[in-house]
Amino acid sequence: MKNKIKVYRAMHDLTQDALAKELGVTRQTILAIEKGKYDPSLELAFRISRYFHTTVEDVFSFD
Amino acid sequence: MKKNTFYIIYGLIAVSLLLLFWLSIELSSPLIIAASVILAAVLFFVLKKRVTDIVQDERTILIDMKTASATIRASVVLFLTVNLATIVYVFSGPLGFHSFTYHLPNDLMIPAGGYVTVSYFPVPPETIPISQLGLFAVLQLVMIVAALFIYVGFRFYYARKFGVWGEDEE
């Protein structure tokens, strides 16, 4: 699964640590999702997209 | 409680357990170490609940679950292997179930060349001398340590699989 979290982070000028704190997860989890090593749960995917005021389909795409 | 404070207390508990183990041996009192281990385990879980700065999310829970599951499966194989080998070793001994009977040749009461079969069954203290039970305790300890190593191995594997040690590209 591909995602654009890194792009959205850059657009919002957010570090991985800051985003992780906002979402209540660890920085390593954000890093693992960005690198495609971990696919987030549906709940976390929705929380991420909601945080960036966009849709899940826009942030995540099935490869 | 902070995470580092918890780790310091955890270390002190481990050192105390070692001292109590030594004391238990010195006083020949197994009750001391048995009660200490249970108390230490309870104290560990109570203190762990009070740690406030450990962030646990779905990925860390997934790593925990997968590690625990793999460790249980590998440990069952390890324990079964050692246990079966031990059973064969013990019950193949001269006082074990290897022979239920023995023969008395040249008995004056029976015709020449004949044998009389005498049956015996080993009673538990003869089967496993009490002094050797300590060896089984040591063997169990070795297996627990082996299980810990298995846990650490799987922990590294799954943490790596789910990207803990990835490079930070910020």
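Begin by selecting B:Ser28, which counts as exposed because its C-beta neighbours inside 10 Å number 7, and a residue needs 12 or fewer to be placed in that class. The structure on the screen is a predicted model, and the tour moves through it from this loop.

**The loop at B:Ser28**

With B:Ser28 still selected, notice that it sits in the loop between α1 and α2 of chain B, where it follows α1(B). Its phi is positive, at about 55 degrees, although the residue is not a glycine. Most residues other than glycine have a negative phi.

**The helices on either side of that loop**

Next select residues 3-26 of chain B, which form helix α1, a run of 24 residues that reaches 35 Å from its first C-alpha to its last, close to the 34 Å expected at 1.5 Å a residue. The number of buried residues in α1(B) is zero, so this helix lies largely in the open.

Then select residues 30-49 of chain B, helix α2, whose 20 residues should span 28 Å at 1.5 Å a residue; the C-alpha atoms at its ends are 29 Å apart, which agrees. For α2(B), too, the number of buried residues is zero, so it lies largely in the open.

**Helix α3 of chain B**

Move on to residues 58-91 of chain B, helix α3, which has 34 residues and reaches 49 Å from its first C-alpha to its last, close to the 50 Å expected at 1.5 Å a residue. Which residues are buried in α3(B)? They include B:Arg59, B:Ile63 and B:Thr67, and it may help to colour these three before going further. Residues three or four places apart on an α-helix point the same way, because each turn takes 3.6 residues.

Further along helix α3 of chain B, select B:Phe79, which counts as partly exposed because it has 15 C-beta neighbours inside 10 Å. If you also select B:Gln140, 61 residues away along the chain, you will find that the C-alpha atoms of B:Phe79 and B:Gln140 are separated by 8.9 Å.

**Chain B as a whole**

Now show the whole of chain B, which has five helices and two strands, arranged along the sequence in the pattern α-α-α-β-β-α-α. Of the 170 residues in chain B, buried ones make up 3%. Among its contacts between residues at least 6 apart in sequence, 61% join residues at least 24 apart.

**Where the two chains meet**

Bring chain A into view and look at the place where eleven residues of chain B are in contact with 14 residues of chain A. On the side of chain B that touches chain A, the residues divide into three nonpolar, three polar and five charged.

Select B:Phe162 here, and leave aside residues up to four places away in sequence: B:Phe162 touches A:Ala32, A:Lys37 and A:Tyr38 in chain A, as well as B:Arg59, B:Leu62 and B:Ile63 in chain B.

**The nonpolar core**

How many residues does the largest nonpolar core have? It has twelve, among them B:Ile63 and B:Phe162 from chain B, together with chain A residues that include A:Ile5, A:Val25, A:Tyr38, A:Ile48 and A:Val59. Helix α3 (residues 27-34) of chain A gives the largest share of this core, four residues. In soluble globular proteins, nonpolar side chains tend to be buried together.

**Two helices of chain A**

Keep α3(A) on display and add helix α2 (residues 16-23) of chain A, which packs against it at an angle of about 110 degrees, with the two axes 8 Å apart. The helices α2(A) and α3(A) are therefore roughly perpendicular to each other. From α2(A) the contact is made by A:Gln16, A:Asp17, A:Leu19 and A:Ala20, and from α3(A) by A:Arg27, A:Thr29, A:Ile30 and A:Leu31. These contact residues divide into four nonpolar, two polar and two charged.

**Two loop residues of chain A**

Select A:Asp13 in the loop between α1 (5-11) and α2 of chain A, a residue other than glycine with a positive phi, near 55 degrees. A:Asp13 is exposed, because 7 other C-beta atoms lie within 10 Å.

Finish at A:Asp39, in the loop between α3 and α4 (42-51) of chain A, which counts as partly exposed because it has 16 C-beta neighbours inside 10 Å. Adding A:Asn3 to the selection shows a pair 36 residues apart in sequence and 9.7 Å apart in space, C-alpha to C-alpha.

Definitions and conventions: Residues numbered from 1 in each chain as written. Chains lettered and ligands numbered in written order. Predicted model: local features only at pLDDT ≥ 70, side-chain atom pairs only at ≥ 80, totals over all residues. Contact = placed C-beta atoms within 7 Å. Nonpolar A, V, L, I, M, F, W, Y, C, P; charged D, E, K, R; others polar. Core = buried A, V, L, I, M, F, W, Y, C linked by C-beta atoms within 7 Å. Buried ≥ 20, exposed ≤ 12 C-beta atoms within 10 Å, placed from the backbone. Axes fitted to C-alpha atoms, helices over the stretch in contact; angles between N-to-C directions. Parallel < 35°, antiparallel > 145°, perpendicular 65-115°, else oblique. Expected span 1.5 Å × (residues − 1).
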